[in-house]
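Reader: Hi! Could you walk me through this model at a bench biochemist's pace, one question at a time?

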Amino acid sequence: MLFFQSLISGILTGGVYALAAMGMSLVFGVMNISNFAHGELMMLGMYLAYYLFILFNIDPFIALLIIMPLTFGFGYAVEKTMIGRVIDHPSENQILLTVGFGLIMSNTALLAFTSDPKILTTSYSSSSISLPGDISVSIPMLLSFIITCALTAALYLFLAKTKTGMALRATSQNREAAQLMGIDVSRMSSIAFGTGTLLAASAGAMIAQTYYIDPFAGHTFLLKSFTICVLGGLGSVIGAAVGGIVIGLVEAMSSAYLSTDWKDVVVFVLFLAILLLRPRGLFGRKGEQ
Amino acid sequence: MLEICDLNAGYDDMPVLKSLSLSIVEGEVLSIVGNNGAGKSTLLKAISGLVRSTGSISFRGTRINGLKPHAIVQKGIVHVPEGRKIFPEMTVDENLTMGAFLNPKEYRRHLDMVFSLFPRLSERRKQLGGTMSGGEQQMLAIARGLMGSPKLLMLDEPSLGLSPLFTESVFSSIGEISRSGVTVLLVEQNVCQSLEASDRGYVMETGSIVLSGTGRELIENPQVKRAFLGM
Ligand SMILES: Nc1ncnc2c1ncn2[C@@H]1O[C@H](COP(=O)(O)OP(=O)(O)OP(=O)(O)O)[C@@H](O)[C@H]1O
Ligand SMILES: [Mg+2]
């Protein structure tokens, strides 16, 4: 039964990883920038969920309705004022800027909220459903998985069917050609970064009941998001969704059958192995680039 | 229709175009020929706003250099870049939809028009751009440009890498496009064929115009013959 328990918790955790990684992948695809502040954007979502609950008693999942537009606007503005300025610069500059931006965020959080970890406890934080065979499914994780699925579907439809979504894809496939179609690519970058921020913050808000909330809580997710993006093929949003589930499963299985201490090592080894064996990822891009 | 005066442009510290001047008359097919590295593609990029320039480019009386590329497309100048640059993971249909990004209202009419120009595309509507052959990609690139309903269509080496048969059909579609009222600026390595298909031409050398004349005059010019036609 250990297997099924790990399978289920792996998939549920993987969903959250997927959500965060899709945001990173979208930003990478459209802007060709690796966002090292992605973990801090998750941390932002965690604190927002925490304070909306503490101060206004808003359930973390309902709070998404506030957090999503807020963080989209935040990301949009950050891109316009900061990240967008280095889009044509060498990648060292871009890395320095996003790392620096992340540091500013985490240190601001440190000043504002101190380093004491916060715990968000709702009435159902530790409730779970029992399935036959002694398997338990955490309610918050199940809810977050369901919402993740809905968000993924919404993102997919947005990218596939809407005019702006198609323009985002076009920009990610060939920025220069997109400009020649009359697409305002700097606006697309802002939208991509806003959407990436929204996805990271939503992921953060949804795990706020499951993980400790502190200014550096996003760090562990940064490496995971990178691993997932590389696994799924950099810039491929659907690849990131699948990659997230894969990493969730790998972690759960290695915690179950090796030891909890080994799960990060296994993920990291996997990261290196993919880079060596399949640098374009499982869903790597065909054709150009 | 387009007046370029004393244009300078380049990349980072490297100047490419050196006080270049030329003009395009409404309704004509104009060729620009020149050796590799002469700056032909850079000139088109300067016109479409991909490369910054100093000097003046004015289109129908208004200055356009300094505008963002999407604003220039809005004015009716469409640039089909060298090397096709279609969207590889989009279908033919989606590529064409992107071409009509700024005027979706005319989508149907333009779609019928490009399908009658390139019937092969209408058989491949669901195929991914990246999986098409080079010639098909070139057709798609031109068709995608036409979807933007250009007043001035700039084609950068549309026959690059195409077999003689495909090249022939690209040139005949350029004729049709021109007859439909679009002004065409053509950059080509295929000097003889492109000058024949053009009303006028310019010869470019290291960033400046060195010769100009009607297509016929240039083909018969001894300098052109020596430099490009190996005669
Ligand atoms: N992105 C770039 N960065 C730096 N230099 C460039 C860039 N693109 C072109 N150049 C340089 O500018 C000069 C002119 O290039 P351009 O592409 O305009 O030539 P061209 O006339 O189109 O040549 P071809 O016939 O080979 O296409 C060349 O020396 C080239 O190396
Ligand atoms: Mg060229």
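**Salt bridges, a metal site and an interface**

Author: Let's start inside chain A: A:E251 is buried, with a relative accessible area of 4%. Buried means under 20% relative accessible area, exposed over 50%, and partly exposed in between, using a 1.4 Å probe and protein chains only.

Reader: Before we go on, what kind of model is this?

Author: Residues are numbered from 1 along each chain as its sequence is written, chains are lettered from A and ligands numbered from 1 in the order in which they are written, and side-chain values use heavy atoms, with hydrogens and water left out. Local features need pLDDT of at least 70, side-chain atom pairs count only at pLDDT 80 or more, and totals for chains, interfaces and linings use all residues, since the model is predicted.

Reader: Thanks! Which side chain meets A:E251 in a salt bridge?

Author: The side chains of A:E251 and A:K224 meet with N and O 3.2 Å apart, and this pair joins distant parts of the chain, 27 residues apart, with A:K224 in α9 (219–232) and A:E251 in α10 (237–257) of chain A. A salt bridge here is a side-chain nitrogen of Lys or Arg within 4 Å of a carboxyl oxygen of Asp or Glu; helices (H or I, at least four residues) and strands (E, at least two) are DSSP runs, numbered from the N terminus. The partner also counts as buried, at 9% relative accessibility: A:K224.

Reader: In chain B, how far apart in the sequence are B:E26 and B:R60?

Author: These two form a salt bridge, with their closest N and O atoms 2.8 Å apart. B:E26 lies in the loop between β2 (14–24) and β3 (29–34), and B:R60 in the loop between β4 (53–59) and β5 (62–63), giving a separation of 34 residues.

Reader: And what about B:E220 and B:R216: how many helical turns separate them?

Author: Their side chains meet in a salt bridge at 3.2 Å, N to O. B:E220 is partly exposed at 48%, and B:R216 is partly exposed at 45%. Because they are 4 residues apart in α9 (215–220) of chain B, the separation is about one helical turn.

Reader: Now the metal: which residues are the protein donors of the magnesium ion, ligand 2?

Author: Donors are N, O and S atoms within 2.8 Å of the metal (3.2 Å for Na, K and Ca); water is not among the atoms, so sites may look incomplete. The protein donors lie 1.9 to 2.3 Å from the ion, and they are B:S41 (OG) and B:E82 (OE).

Reader: Where in chain B do those two donors sit?

Author: B:S41 is buried at 17%, while B:E82 is partly exposed at 32%. The helix holding B:S41 is mostly covered, with 8 of the 9 residues of α1(B) buried. Again taking the pair of donors, they are 41 residues apart: B:S41 is in α1 (40–48), and B:E82 is in the loop between β6 (77–80) and α3 (92–99).

Reader: Finally, which helix gives the most to the side of chain B that touches chain A?

Author: The contact (heavy atoms within 4.5 Å) takes 24 residues from chain B and 21 from chain A. Across the interface there are 2 salt bridges, and A:R169 meets B:E94 in a salt bridge at 2.9 Å, N to O. In chain B, α1, α2 (69–74) and α3 each supply at least two residues of that side. With 4 residues, the one that gives the most is α3(B).
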